[in-house]
Amino acid sequence: MKKCVIIELPIYEEVTGMRMKRLLTAALATVCIAGMAACGSGPQGATDTKANKGLPTVGQAVQYNPNHLVNGGKPITIDYWTWNGTGDTALPSFKAYTKIHPNVRIVRHDVNWDDYFTKLPLQLRGKNGPALFAVHNSFDSVLSPYMATYDIPLKSLEADYRNVAPHAVDGKVKYIDSIINTGMWYYNKDMWKEAGLSDKDLPKTWDQMREDAKKLTKRNGSGKLTRAGINFNGSGEYNAMWQGLNYQQGKLLFKSDQTTVNYDTAATKEVLKTIKAIYEDDKSGSANFGTDAQKSFGNGQTAMVYQWGSFAITLKSKYPKINWGVFAPPLWKAETKPLAYDRYNGESTPGINKNARPEQQAVAQDIMKYLLASDDFMKNTAINFQSVPAKKSLDSDKQITAMPSYQAIHPVVDRLIWPGPVPSTLEDTSKQVFENVFYNKKSIDSAVADGQKTMQKDLDGISPKFTSLEKNYAFYKEAAVD
């Protein structure tokens, strides 16, 4: 049986699993201490009688006029599920929304990542599930059956945002990208300077990268490696990096039928041969030195690693003393425009529960229109993930354009490809391939062939069957044939 208690909380609240957080403000609200259940009864917040807020309309093509009553001004609670906790980048915008519409309470429910995509669909089946929830596109097939489409014209979204079309089904979307997140190379600026390198030495090609790595590598008097110039180990992201490097060589991740994985290729093998040469010929790193590249970089033992934008969060929180910079992925050949510089994946905007009660859905639609019309949510997400915002208007924001990651990635953003919400086997299996080559001493040919079989077996076991969206890429026709 649910238990409700009345405490002093802000209109925007936080509920973490079975634990309630007390926040010292003056507004009255209700918190339920019953797992993830919402109260459904008791005080719901203030009644709003002021339709005209005296506030301007915000937005460009997608616009939000705040001068109206939500839910007729009657108090209403909206539950929001997330795995991101207090770091969820939608939270500040939710708080701003409830200031405009004080009759709306938004209650955050935290579920850890490992449980989120199992527990959430069960909640979404009934009308009492959360009206809003965080979305990760890798679980599109799990969440999409329960999602309502946004009540916003597709043309308006396309005018304001990048890469909307791949998310559209029958002219409607259920979520879009908030940012364009992709891989980049993080380098230690202090090590860079110590090695006599300047910004002019930031590598444009893999040949230059290898030369820089040699200069950044250190050994002690007995020849033992004490600093890796480059590191691909553990979370060194080979499992993500190979995809971009295959695209650079003109190879797609999927064959022309869009369902058969294209891993066992000469391009894949070339990536592994290059890593092997860096370790064994150049001796700029080792499979047995810094077995987790993120930690090795953070501990000042590695000079360069490939990571996505979210690594900036890790550096800020865990390794604040590291003086780091970023540069765009180098190419295989100089002055050659590749099929794509890399793969990208967007952080997704929240989803709306199509099974929620009509009044819940109506408020959720209003909240999403506010988030998509204003810049704050997209800006907050871009800064948090050190990525290019999907919203085009933020290209003129000084805080955004000053980010090193934006400066590195924005020039090539139109040459990044999204293959769709790719199943995790492409990364999980390729990580095993790396381990088989560098730790289990399998041949590259054998490890890659085994990886192809495992990936395809996993893909064949998914229902509904995954279909790549690579054909939606503007430069798809430049791709090499199967």
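User: How many Å separate the centres of domain 1 and domain 2?
Analyst: This is a predicted model, in which local features need pLDDT of at least 70 and side-chain atom pairs count only at pLDDT 80 or more, while totals for chains, interfaces and linings use all residues. Residues are numbered from 1 along each chain as its sequence is written, and side-chain values use heavy atoms, with hydrogens and water left out. Domain 1 covers 58-176 + 349-402 and domain 2 covers 181-345 + 411-478, with bounds that come from an automatic or database domain assignment. Taken over C-alpha atoms, the centres of the two domains are separated by 31 Å.

User: What area do domain 1 and domain 2 bury between them?
Analyst: The two domains meet through 14 residues of domain 1 in contact with 16 residues of domain 2, where contact means heavy atoms within 4.5 Å. Buried area is the accessible area (1.4 Å probe) that two parts lose on being put together, summed over both. Of the area buried here, 60% is on carbon and sulfur atoms, and the total between domain 1 and domain 2 is about 1,200 Å².

User: How many residue pairs are in polar contact between domain 1 and domain 2?
Analyst: A salt bridge is a side-chain nitrogen of Lys or Arg within 4 Å of a carboxyl oxygen of Asp or Glu, and between these domains the count is 0 salt bridges. A polar contact is a pair of N or O atoms within 3.5 Å; within protein, one must be able to donate a hydrogen and the other to accept it, and residues adjacent in sequence count only if both atoms are side-chain atoms. Between domain 1 and domain 2, with both residues at pLDDT 80 or more, the count of residue pairs in polar contact is 3.

User: Which helices each supply at least two residues of the side of domain 1 that touches domain 2?
Analyst: Helices (H or I, at least four residues) and strands (E, at least two) are DSSP runs, numbered from the N terminus. On the side of domain 1 that touches domain 2, the helices that each supply at least two residues are H3 (140-143) and H12 (376-385).

User: Is Ile-367 buried or exposed?
Analyst: Ile-367 has its place in helix H11 (residues 358-373). Leaving aside its neighbours within four places in sequence, Ile-367 is in contact with Ile-78, Phe-94, Tyr-97, Ile-106 and Leu-132; Tyr-97 is 270 residues apart from Ile-367 in sequence, yet 7.2 Å apart in space, C-alpha to C-alpha. Buried means under 20% relative accessible area, exposed over 50%, and partly exposed in between (1.4 Å probe, protein chains only). Because its relative accessible area is 0%, Ile-367 is buried.

User: Why does Thr-89 count as buried?
Analyst: Thr-89 is found in the loop between strand S7 (76-82) and helix H1 (91-100). Apart from neighbours within four places in sequence, Thr-89 is in contact with Phe-377, Asn-380, Thr-381 and Asn-384. Thr-89 counts as buried because its relative accessibility is 11%.

User: Where is Gln-386, and what is its phi?
Analyst: Gln-386 is found in the loop between H12 and strand S18 (388-389), and it counts as buried because its relative accessibility is 13%. Although Gln-386 is not a glycine, its phi is positive, at about 50°.

User: Which residue follows Ser-463 across a cis peptide bond?
Analyst: The bond lies at a residue found in the segment after helix H16 (444-460). Its omega is near 0°, and the residue that Ser-463 joins through this cis bond is Pro-464.

User: Which residue forms a salt bridge with Arg-210?
Analyst: The closest N and O atoms of this pair are 2.7 Å apart. The pair links distant parts of the chain, 72 residues apart, with Arg-210 in helix H6 (residues 206-216) and its partner in the loop between helix H8 (266-280) and helix H9 (293-298). Arg-210 is partly exposed, with a relative accessible area of 22%, whereas the partner is buried at 17%. That partner is Asp-282.

User: Which residue meets Arg-343 in a salt bridge?
Analyst: Arg-343 lies in strand S16 (residues 342-345), and its partner, 84 residues apart, lies in helix H15 (residues 425-438). Arg-343 counts as buried because its relative accessibility is 8%, whereas the partner is partly exposed, with a relative accessible area of 27%. The side chains meet at 2.9 Å, N to O, and the partner is Glu-427.
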